[in-house]
Amino acid sequence: MAIKKSSKVATSQAASLKKILKRCSSLGKQNQGNCYIKDVPKGHFPVYVGQDRSRYVVPISCLAHPDFQTLLQLAEEEFGFEHDMGLTIPCDEVVFQSLISMFRKNST
């Protein structure tokens, strides 16, 4: 029974990641004329963080990290994923910078 439950969780997470990736990849198609999308390298996506909505370009590989998935769930609950300007994450900027720094250290 525990295997079935973990399988359902993994399937749900995979579906959520596919939805997020589809949304992130569709940003470039919908906003080809906007300069904020043109400077995003392949394999990355922009996010907006903190009260001032500071922009960060993060690698798609971050989507697989459980802590980043938690942030995405919070973003979906608070803002949804339908934004003209990109994915907004409800997180203090300093905390987000620390988290991204941790991802980079672990990936090297």
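This briefing walks through a small set of features, from the sheet to the core. The model is predicted. At its heart for our purposes is an open sheet of three strands, arranged in the order 2-1-3 with mixed pairing. Helix 3 packs on that sheet, and the largest nonpolar core has 17 residues.

**The sheet**

- Strands of a sheet pair through backbone hydrogen bonds, and the pairing can be parallel or antiparallel.
- Here the three strands run in the order 2-1-3 and the sheet is open.
- Strand 2 (54–59) and strand 3 (87–89) are the edge strands, each having a single partner strand, so one side of each has no neighbour in the sheet.
- On average, neighbouring strands of this sheet are turned by 40° against each other, direction ignored.

**Strand 1 and its partners**

- With strand 2, strand 1 pairs in the antiparallel sense over six bridges.
- One of the bridge pairs joins His44 to Pro59 in strand 2.
- These two strands make a hairpin with four residues between them, and Gly50 in the turn has a positive phi of about 80°.
- With strand 3, strand 1 (residues 44–49) pairs in the parallel sense over three bridges.
- Val49 stands opposite Ile89 of strand 3.
- Helix 3 (residues 66–78) touches strand 1, strand 2 and strand 3 as it packs on the sheet, and its direction makes about 105° with that of strand 3.
- Strand 1 is mostly covered, with five of its six residues buried.

**The nonpolar core**

- Which residues have the most contacts inside the largest nonpolar core? They are Val47, Val58, Phe68, Ile89 and Phe96.
- At least two residues of this core come from each of strand 1, strand 2, helix 3, strand 3 and helix 4 (93–107).
- Helix 4 gives the most to this core, supplying four residues.

**A closer look at Val47**

- Leaving aside neighbours within four places in sequence, Val47 is in contact with Ser54, Arg55, Tyr56, Val58, Leu87, Ile89 and Phe96.
- Among these partners, Val58, Ile89 and Phe96 are listed, like Val47, with the residues that have the most contacts inside the core.

Technical notes: Residues numbered from 1 in each chain as written. Predicted model: local features only at pLDDT ≥ 70, side-chain atom pairs only at ≥ 80, totals over all residues. Heavy atoms only, no water. Pairing = 2+ DSSP bridges. Axes fitted to C-alpha atoms, helices over the stretch in contact; angles between N-to-C directions. Contact = heavy atoms within 4.5 Å. Core = buried A, V, L, I, M, F, W, Y, C linked by side-chain atoms within 4.5 Å. Buried < 20%, exposed > 50% of the residue type's maximum accessible area, 1.4 Å probe, protein only.
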